[in-house]
Amino acid sequence: MPTPTSALWLLLAFTALHAGCSPAQAAPPPATPPVTKSAPVSKSPSAIERMLVPGPETEALTRRVGTWDVVMTLRTSPEATPIVISGMVAERTMTGLYLQETMKPAPGSKVPDFRRIDYLTYNKLEARWQYISMDTRAPIGIMAARSYGATNFPEVTVHFDNFAIPGWGQELEGKFMRARHVTTRESDDRDVTRQYWTPVAGASEWLAVQYEYTRHR
């Protein structure tokens, strides 16, 4: 009869043999890396994109696109006899949110060659009209203007920074002026732009320049 000690050894030997015959255990699978969730992409337009969306002012400007016949009336002083100049055309196009106008002599006109280029836009961010012009007929440089207060359409009023004119005679005068530039949309086929000048020295305002636009047919 085996001793308790022999039985214990047999049990241990059997357990060891059984463990050696068992298939090897597979290595544990690698840990899955944590998933990083990216921030959701916003579908809302940015502030810049919203400001670039045309508003009613831009839509009104778009309706001015086309070719216009122009008559200019110039008064060099409040007492001066008006000088009327016809035979000019204005080509208007939209460049983004800007109405671009190029004025020049009409084909076959006897008006000396020139270019007058201007841009008009409504700045939604600043809630006001902005205007800029340049004219090869006079050495007055680039003129910038902006609106203040009400910005109602069809009448747009902008105010120019002070500018100098050389004078109308032989002597160089270099007078500084302020100008109020008023554009009135009388109909789909007629615009009138009036520039009221005021000498910085303190004289009265007068209607110095007027442009009458009639849509070319």
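The following conversation goes through a predicted model and asks what justifies the words used to describe it.

Reader: What makes up the secondary structure of the protein, and in what order do the elements run?

Author: The secondary structure comes to 3 helices and 10 strands, and from the N terminus on the elements run α-α-α-β-β-β-β-β-β-β-β-β-β.

Reader: Why is the arrangement of the 10 strands called a barrel?

Author: The 10 strands close into a barrel in the order 1-2-3-4-5-6-7-8-9-10, and the pairing is antiparallel. Neighbouring strands of this sheet are turned by 25° against each other on average, with direction ignored. The closing can be followed at strand 10 (residues 206-215), which is joined to strand 9 (residues 190-199) by 8 bridges in an antiparallel arrangement, and which also pairs with strand 1 (residues 66-74) in the antiparallel sense, over 7 bridges.

Reader: How do you know that strand 1 and strand 10 count as paired?

Author: Two strands pair if there are at least two bridges between them, and strand 1 and strand 10 have 7 bridges, so the condition for pairing is met. The residue E212 illustrates both partnerships of strand 10, since V71 stands opposite E212, and V192 stands opposite E212 as well.

Reader: What makes strand 2 and strand 3 a pair?

Author: Here 8 bridges join strand 2 (residues 83-95) to strand 3 (residues 98-105), and the two run antiparallel. Because at least two bridges are needed for a pair, the 8 bridges between strand 2 and strand 3 are sufficient by that definition. Within this pairing, T93 stands opposite Q100 in strand 3.

Reader: What do strand 9 and strand 10 form, and how many residues lie between them?

Author: Strand 9 and strand 10 form a hairpin with 6 residues between them, and in the turn G202 has a positive phi of about 120°. As for strand 10 itself, 8 of its 10 residues are buried, which is the ground for describing the strand as mostly covered.

Reader: Which residue has a positive phi although it is not a glycine?

Author: That residue is A127, whose positive phi is about 55°, and A127 lies in the loop between strand 4 (116-123) and strand 5 (128-135).

Reader: Why is A127 called partly exposed?

Author: The relative accessible area of A127 is 41%. Buried means under 20% and exposed means over 50%, with partly exposed in between, so A127, at 41%, counts as partly exposed.

Reader: Why is M177 called buried?

Author: M177 has 3% relative accessibility, and because buried means under 20%, M177 at 3% counts as buried. M177 is found in strand 8 (residues 175-187), and its contacts, leaving aside neighbours within four places in sequence, include N162, F163, W197 and W206. M177 and N162 are 15 residues apart in sequence and 5.5 Å apart in space, C-alpha to C-alpha.

Reader: How do you know that R92 and D191 form a salt bridge?

Author: The side chains of R92 and D191 meet at 2.7 Å, N to O, and since a salt bridge requires a side-chain nitrogen of Lys or Arg within 4 Å of a carboxyl oxygen of Asp or Glu, the pair qualifies. R92 lies in strand 2 and D191 in strand 9, so this pair ties together parts that are 99 residues apart in sequence. R92 is buried, and so is D191.

Reader: What other residues are linked with R92 and D191 in a network of salt bridges?

Author: The network links R64, R92, E101, R185 and D191. E101 forms a salt bridge with R92, with the closest N and O atoms 2.9 Å apart, and R185 meets D191 in a salt bridge at 3.0 Å, N to O. E101 is buried, and R185 is buried too. For the protein, the count comes to 16 salt bridges.

Reader: Why is E57 said to have no salt bridge?

Author: The nearest side chain of opposite charge to E57 is K124, which is 7.0 Å away, and because a salt bridge requires the atoms to be within 4 Å, E57 is without one, although E57 is buried. E57 lies in helix 3 (residues 56-62), and, leaving aside neighbours within four places in sequence, E57 is in contact with Y122 and W129.

Definitions and conventions
Residues numbered from 1 in each chain as written. Predicted model: local features only at pLDDT ≥ 70, side-chain atom pairs only at ≥ 80, totals over all residues. Heavy atoms only, no water. Buried < 20%, exposed > 50% of the residue type's maximum accessible area, 1.4 Å probe, protein only. Helix = DSSP H or I, 4+ residues; strand = E, 2+ residues; numbered from the N terminus. Contact = heavy atoms within 4.5 Å. Lys, Arg positive; Asp, Glu negative; His and termini not counted. Axes fitted to C-alpha atoms, helices over the stretch in contact; angles between N-to-C directions.
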